[in-house]
Amino acid sequence: MEIDRRAFFASLGGAAAISAMDSEAKADALEEYMSEQLDNGAAGSTPATTSPDKKFPTVAELDSQITTRDYRRGVGTLFANNGRNVKKLEPMPANPTLLDFFKLRFAPANHVLQSATRAMKTGMTEEIILACLLHDVVQSLIKPDHGWWGAQLFEPYISPKATFAIRYHQTLRFYPDSAAGYEYPDLYYRIFGKDYTPPPHIEATYKMLRNHKWYMEPRLVTVNDLYAFDPNAVVTIDPFVDIVGRHFKQPKEGLGNDNSPVAHMWRTIARPDSPL
Ligand SMILES: [Fe+2]
Ligand SMILES: [Fe+2]
């Protein structure tokens with residue numbers, strides 16, 4: 001996997017932060033960065049392409065790797081650390097907000113912050129910027145069908161259009177739309193296999209979306225679903241705090257304490273070390 005060195009250094013907080021790290025911490029950080037990039041859909045700075053290259057694995061090759069791991073590829077990032085020990089998590093505050101989850105459970109959340117930053121720079125609506133900010137964070141809980149899981153996690157708190165954008169970006173990631181500026185990503189040849197075809201529920205969902213009046217909502221999430229970003233930019237949640245305030249209905253009891261249909265999902269993200 002190619003590493004954008006400047007992006008990696010920026011993700012660590014720049015030269016001053018790196019000089020304070022010992023060499024083991026730097027090696028750990030690099031490994032963490034690489035897995036984070038790959039897991040969250042921000043692998044290196046490889047540009048999008050429309051044709052699979054020989055360097056990508058086949059579906060059969062990827063299948064043959066299943067029994068070489070002590071975890072399944074669909075496990076949420078909070079629950080496995082690519083064969084290494086997990087880290088101690090800071091406890092959540094009593095009435096946690098979305099921003100608390102960003103800071104304490106979704107961090108570093110580089111990929112979604114990069115996507116939302118691009119959406120903001122390109123003048124997207126606040127709903128799309130919010131959808132970009134939230135589109136993949138459920139991968140800390142679970143990865144298969146993350147569009148549906150992610151939409152469910154946020155549905156009680158955001159608009160139907162933003163929910164729609166999150167639910168269906170997963171499907172549209174598999175289907176190029178040159179007119180909208182979206183090509184099939186190299187990353188997908190790498191992580192699904194170069195001869196992969198999406199399962200029937202994804203194909204059926206794509207057919208539905210093509211004729212849907214809200215097609216462009218999830219499509220714009222895919223357009224902003226970035227692999228690379230300005231290496232000099234250090235992304236933070238700060239530019240999005242006002243948008244979250246306007247478009248995210250934060251329950252006063254805190255996420256997980258509000259008896260919503262998805263409160264248990266927030267509690268699970270808050271307490272992933274709970275044995276049952
Ligand atoms: Fe995604
Ligand atoms: Fe993404």
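**Figure 1. Overall fold of the protein chain, which contains 14 helices and zero strands.** The model shown here and in the following views is predicted. From the N terminus on, the elements run α-α-α-α-α-α-α-α-α-α-α-α-α-α. The protein chain has 276 residues, of which 46% count as buried. Among the contacts with a separation of 6 or more, 76% are made by residues 24 or more positions apart.

**Figure 2. Confidence of the prediction along the protein chain, with an average pLDDT of 86.** A pLDDT of at least 70 is reached by 79% of the residues. Over residues 10-32, by comparison, the pLDDT is below 50, and this stretch has 22 contacts in the model beyond near neighbours in sequence. Residues 38-49 also have a pLDDT that stays under 50, and the model gives them 45 contacts beyond four places in sequence. Where pLDDT is low, the predicted coordinates should not be read in detail.

**Figure 3. Close-up of the iron ion (ligand 1) and its protein donors Asp136, His146 and His169.** The donor atoms are OD of Asp136, NE2 of His146 and NE2 of His169, lying 2.1 Å from the iron ion (ligand 1). Along the chain these donors follow the spacing D-x9-H-x22-H. The two histidines link distant parts of the chain: His146 belongs to helix α8 (residues 146-154) and His169 to helix α9 (residues 160-172), 23 residues apart. His146 is buried, with a relative accessible area of 10%. His169 is likewise buried, because its relative accessible area is 0%, and the cut-off for this class is under 20%. The view also includes the iron ion (ligand 2), which is 3.7 Å from the iron ion (ligand 1). Asp136 coordinates both iron ions.

**Figure 4. Close-up of helix α12 (residues 216-223), which is largely enclosed by the rest of the structure.** This description applies because seven of the eight residues of α12 are buried. The buried residues are Glu217, Pro218, Arg219, Leu220, Val221, Thr222 and Val223. What covers them includes α6, α7 (126-134) and α9. Helix α9 also holds His169, one of the donors of the iron ion (ligand 1).

**Figure 5. Close-up of the second largest pocket, with a volume of about 200 Å³.** The lining is formed by Leu99, Phe102, Lys103, Ala107, Pro108, Ala109, Asn110, Leu113, Val235, Thr236 and Ile237. Two elements, α5 (98-106) and α6 (110-121), give two or more residues to this lining. Helix α5 gives the most, with three residues. By residue type, the lining divides into eight nonpolar, two polar and one charged.

**Figure 6. Close-up of the cis peptide bond that joins Ala107 and Pro108.** The omega angle of this bond is about 5°. Pro108 is found in the loop between α5 and α6. Both Ala107 and Pro108 are among the residues that line the second largest pocket.

**Figure 7. Close-up of His247 and its surroundings in helix α13 (residues 241-247).** His247 is partly exposed, with a relative accessible area of 27%. Leaving aside residues up to four places away in sequence, His247 touches Glu126, Glu127, Leu130, Tyr157 and Ile158. One of these, Ile158, is 89 residues from His247 in sequence, while the two are 6.2 Å apart in space, C-alpha to C-alpha.

**Figure 8. Close-up views of Asn82 and Asn259, which have positive phi angles of about 50° and about 55°.** Asn82 has this positive phi although it is not a glycine. Its place is in the loop between α4 (59-64) and α5. With a relative accessibility of 33%, Asn82 counts as partly exposed. Asn259, which is not a glycine either, lies in the loop between α13 and α14 (263-270). Asn259 counts as exposed, because its relative accessibility is 75% and the cut-off for this class is over 50%.

Technical notes: Residues numbered from 1 in each chain as written. Chains lettered and ligands numbered in written order. Predicted model: local features only at pLDDT ≥ 70, side-chain atom pairs only at ≥ 80, totals over all residues. Heavy atoms only, no water. 1 Å grid on protein atoms, 1.4 Å probe; cavity = no way out; pocket = protein on both sides within 12 Å on 5 of 7 lines; lining within 4 Å. Points joined across faces, edges and corners; volume = space filled by probe spheres on them. Helix = DSSP H or I, 4+ residues; strand = E, 2+ residues; numbered from the N terminus. Nonpolar A, V, L, I, M, F, W, Y, C, P; charged D, E, K, R; others polar. Donors = N, O, S within 2.8 Å, 3.2 Å for Na, K, Ca; no water. Buried < 20%, exposed > 50% of the residue type's maximum accessible area, 1.4 Å probe, protein only. Contact = heavy atoms within 4.5 Å. pLDDT = per-residue confidence, 0-100.
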